[in-house]
Amino acid sequence: MSSFSTETIFASTITTPDIAWVALLPLLILCGASIFLLTVASIAPKDLPSSFYAVYTGLAALASLISAIPLWVRVQDNERGPFSTIAGGFSVDGFSLIITFLILVSVVLVACLASEYLINEGISGPEPFVLIMLSASGGITMAGASDLIVLFLGIEVLSIAAYVLAAMDMRRVQSQEAGMKYFILGAFASGFLLYGMALIYGATGSTSLVAIRDFLESTELTNDALLLAGISMVLIGLGFKVATVPFHFWTPDVYQGSPTPFVAFMASAVKAAGFAALIRVFYGAFASYQTDWKPIIYGLAIATLVVGSFMAIVQTDVKRLLAYSSISHAGYILVGFQSGSENGVISVSFYLITYAFMVLGSFAVVSIVGGLNGGQPTLDDFEGLSNRRPILAAVFTIFLLGQAGIPLTTGFFAKFYVIEAAIEARSYGLAISAMVTAVIAAFLYLKILVKMWMTGETESDPISNRQARANIPIRIQVGFVLLISGGFTLIFGIWPHPIVELARDALPIL
Amino acid sequence: MTFALTIGPGYYLALSAMLFVIGSIGLLVRRNPLIMFMCIELMLNAANLAFVSFGKDMGDLGGQVSVLFVLVVAAAEVVIGLAIVVAVMRRRPKASVDEVSVLRG
């Protein structure tokens, strides 16, 4: 007990690790902005308009994005290159930065969608925007995490805010239920993740991803049961966050019940952060155990592709349908992930970037069309959309064709690169099943297109309802989201090289 | 007369594994959301126990420090979870998750 005497405590100076504050700037700006907003809004005498919060959130995300650009320049510079800070707990490399950019851009677009939605639903207050920013900061932490505990903290900051976002529309039963289901199942997955981390710590003696990698490369474990159990539990926990089959049960319910803008956030930013964490852990720490985890990912990918595309076909609720479609997209990303190669990471980054824009645009359309139906549009609501709103129908067509992977959209190249990575890794079966399920999924998107373009108004539809539908206003912020995501999907669908180059520069280095 | 009774890390790990299994099975079979929360806490604390006993066994402080982080996260999670459950259960006096079933298909 002598070591705890006051003398020794005062005698020994506590050394704290060096912190490169510049590296944390994107994170700090986002957190600081959200807490500042919460403080200001709670002492302001009157409720500020929702559009103010949206503009504030957008500007905060932009400021954070701008502060990350010098980091990108520094990382790409051959002399300085990637680095890690806080005693190796947080690393700044191309991969973490590109995921940061992606999350921040989706924060801007989601804030636009949210302001429109919250005005329509009559919800005031800064909380949704504060939560979006906090959730995004968790995602950025995950993207740069190079320690299991940092990763856990990031995933929890991301998820706890997302649970509340799912339950934000408290007056609606569906939103409450979505929040509760998301919370219980999410916490269940966190339990698995954490226990897996404890087992990995026990097997390797460290929570640092770099130390784990070095340990596994230098030591031949006589008994790796503990480590393998830990790896599989971490895979369950992260597989849950990115919605892979068989850990996908929450996805359809949560996507259907949650407010549409926040579903868009879950499908773009949360999914990207989840895959970033998967890449950090499996490509970084467990690179030498590839032969053990690759077959499991192979199986998960096939199950996810098949279940996602088949279940999507039988849905009538459009948000539920897009939920299953997002599950099948997670399957494609796993196809690229399974290759375990550099090209695999590039294809995953490319897929995440392009999918985020397609899914944000899709949910923007869904939120306009579902505006009259309590945010729960069915397929029938899209009947004859091309007569009522030709431009909206045309934009939605771009997103659907993109998700189907039709050439001249970014979706085509996204699918092409993941399948190419799988073929390079000699996973022919996986590549073939990805192509077959792409055809099945294309049928699904064509089903919506046929509803939009080939059917007129239904006779049973009362005229007043028809007129109301024709007059749904499109606010400027939603128009902006549609313009950005539609433009991105088309322009880079024809000319994908800038995005490919960006993804090529964004390799994770531990 | 002294008893040389040593309880090695194996015992703690076995206890932690048992707690984890009880927590996860409890979460799957129980229908009261509050009990389900308790099961989640049990799972997180099982992981804490594993962290501490591994750390103690290896003479590494990292395991014990990790527990502090996890405790904070668990507290935050309970706050959010209870708020959501209170909001949901206000409408449904019978506290059972089976009642919460509008979303399906």
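Visitor: What span should the 24 residues of helix H12 of chain A have, and what do its end C-alpha atoms show?

Guide: Take 1.5 Å a residue: H12, residues 290-313 of chain A, should then span 34 Å. In this predicted model, the end C-alpha atoms are 34 Å apart, so the two agree.

Visitor: Which residues of H12(A) are buried?

Guide: Look for residues with 20 or more other C-beta atoms within 10 Å of their own. In H12(A) those include A:Trp293, A:Ile297, A:Leu300, A:Leu305, A:Gly308 and A:Met311.

Visitor: And what do the buried residues of H12(A) pack against?

Guide: Four partners to pick out in chain A: helix H9 (225-241), helix H11 (260-285), helix H13 (318-338) and helix H18 (428-453).

Visitor: Zooming out, what radius of gyration would a compact globule with 510 residues have, and what does chain A have?

Guide: The globule would come out near 24 Å; chain A has 23 Å, which agrees. Its C-alpha trace spans about 85 × 65 × 45 Å along the principal axes, and 60% of the 510 residues count as buried. As for secondary structure, chain A has 21 helices and two strands.

Visitor: How many residues does each chain bring to the contact between chain A and chain B?

Guide: Chain B brings 33 residues and chain A brings 35. On the chain B side, the elements giving two or more residues are H1 (9-29), H2 (33-58) and H3 (62-89). H3(B) gives the most, with 14 residues.

Visitor: How do the residues on that side of chain B divide into nonpolar, polar and charged?

Guide: Sort them by type and you get 24 nonpolar, seven polar and two charged.

Methods. Residues are numbered from 1 along each chain as its sequence is written. Chains are lettered from A and ligands numbered from 1 in the order in which they are written. This is a predicted model: local features need pLDDT of at least 70, side-chain atom pairs count only at pLDDT 80 or more; totals for chains, interfaces and linings use all residues. Two residues are in contact if their C-beta atoms, placed from the backbone, lie within 7 Å. Ala, Val, Leu, Ile, Met, Phe, Trp, Tyr, Cys and Pro count as nonpolar, Asp, Glu, Lys and Arg as charged, and the others, Gly among them, as polar. The expected span of a helix is 1.5 Å times one less than its number of residues. A residue is buried if 20 or more other C-beta atoms lie within 10 Å of its own, exposed if 12 or fewer, and partly exposed in between; C-beta atoms are placed from the backbone. The radius of gyration is taken over C-alpha atoms; the globule rule is 2.2 Å times the number of residues to the power 0.38.
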